[in-house]
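User: Please take a close look at one part of this structure, the nonpolar core and the residues around it. I would be grateful for a connected explanation suited to a first-year student.

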Amino acid sequence: QIAWNYAHPENENTKIFLVSRAHAHIKYINGCFNLIADIRGTRQAGKSTKVQRGEKPEELLVPGLTYPLQDKDIIHLNKEKMIFRLLQAEK
């Protein structure tokens, strides 16, 4: 679960806005991190989950479909954005 500390867009008295796996989750499968949209985080639920690599974001319309992530992909969860980073382990 991820929390942003600012006023909720629908209720200004709420100071923490949560984005949970109800939108999507990241799962490590066969050596790759994948973003998987949940039915509650797709357009059918009135929300939008997208991955942006390059200029145009790609919307995840099919719940359960895996989208392989790469370093510096931008994940859009509704109106919020975060950058996916792969960090090298120190030796």
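Analyst: From the N terminus on, the elements of the protein chain follow the order β-β-β-β-β-β-β-β-β. In other words, this predicted model contains nine strands and zero helices. The chain has 91 residues, and buried residues make up 30% of them. Its accessible surface comes to about 6800 Å², and carbon and sulfur atoms account for 50% of that area. Among the contacts with a separation of 6 or more, 33% join residues that are 24 or more positions apart.

The core itself comes next. In soluble globular proteins, nonpolar side chains tend to be buried together. The largest nonpolar core in this model consists of ten residues: Ala-24, Leu-35, Ala-37, Val-51, Leu-60, Tyr-67, Leu-69, Ile-75, Leu-77 and Phe-84. Two elements, strand 4 (32–37) and strand 8 (74–77), each give two or more residues to this core.

Leu-35 is a useful member to examine. This residue lies in strand 4 and counts as buried because its relative accessibility is 2%, under the 20% limit. Leaving aside neighbours within four places in sequence, Leu-35 is in contact with several other core members, including Ala-24, Val-51, Leu-60, Tyr-67, Leu-69 and Ile-75. Its contacts also include His-25, Ile-26 and Thr-49. The C-alpha atoms of Leu-35 and His-25 are separated by 5.8 Å, although the two residues are ten residues apart along the chain.

Phe-84 is another member of the core. Not counting residues up to four places away in sequence, Phe-84 touches Leu-69 and Ile-75, and also Ile-26, Phe-33, Gln-70, Asp-71, Lys-72 and Asp-73. Two of these partners, Ile-26 and Phe-33, belong to a nonpolar patch on the surface. Tyr-28 and Leu-86 complete that patch, and the four residues together have about 370 Å² of accessible area. Ile-26 is found in strand 3 (residues 24–29) and is partly exposed, with a relative accessible area of 42%.

Two other partners of Phe-84, Asp-71 and Asp-73, carry the discussion to charged side chains. The count of salt bridges comes to two. In one of them, the side chains of Asp-73 and Arg-53 meet at 2.7 Å, N to O. Asp-73 lies in the loop between strand 7 (66–68) and strand 8, whereas Arg-53 lies in the loop between strand 5 (49–52) and strand 6 (57–59), so the pair ties together parts that are 20 residues apart in sequence. Asp-73 counts as buried at 1% relative accessibility, while Arg-53 is partly exposed at 36%.

The side chains of Arg-85 and Asp-71 also meet in a salt bridge, at 2.9 Å, N to O. Arg-85 lies in the segment after strand 9 (80–83) and Asp-71 in the loop between strand 7 and strand 8, so this pair ties together parts that are 14 residues apart in sequence. Both residues are partly exposed, with relative accessible areas of 46% for Arg-85 and 32% for Asp-71.

Finally, strand 8 also holds a polar residue, His-76. At 9% relative accessibility, His-76 counts as buried. The side chain of His-76 makes a polar contact with the side chain of Gln-52 at 2.8 Å. Not counting residues up to four places away in sequence, His-76 touches Gln-52 together with Ser-48, Thr-49, Lys-50, Pro-57 and Lys-81.

Methods. Residues are numbered from 1 along each chain as its sequence is written. This is a predicted model: local features need pLDDT of at least 70, side-chain atom pairs count only at pLDDT 80 or more; totals for chains, interfaces and linings use all residues. Side-chain values use heavy atoms; hydrogens and water are left out. A nonpolar core is a set of buried Ala, Val, Leu, Ile, Met, Phe, Trp, Tyr and Cys residues joined through side-chain atoms within 4.5 Å. Buried means under 20% relative accessible area, exposed over 50%, partly exposed in between (1.4 Å probe, protein chains only). Helices (H or I, at least four residues) and strands (E, at least two) are DSSP runs, numbered from the N terminus. Contact means heavy atoms within 4.5 Å. Patches are made of residues with over 30% relative accessible area and no salt bridge: like charges are joined within 9 Å, nonpolar side chains (Val, Leu, Ile, Met, Phe, Trp, Tyr) within 5 Å. Accessible areas come from the Shrake-Rupley method with a 1.4 Å probe; for residues, only the protein chains shown count as cover. A polar contact is a pair of N or O atoms within 3.5 Å; within protein, one must be able to donate a hydrogen and the other to accept it, and residues adjacent in sequence count only if both atoms are side-chain atoms.
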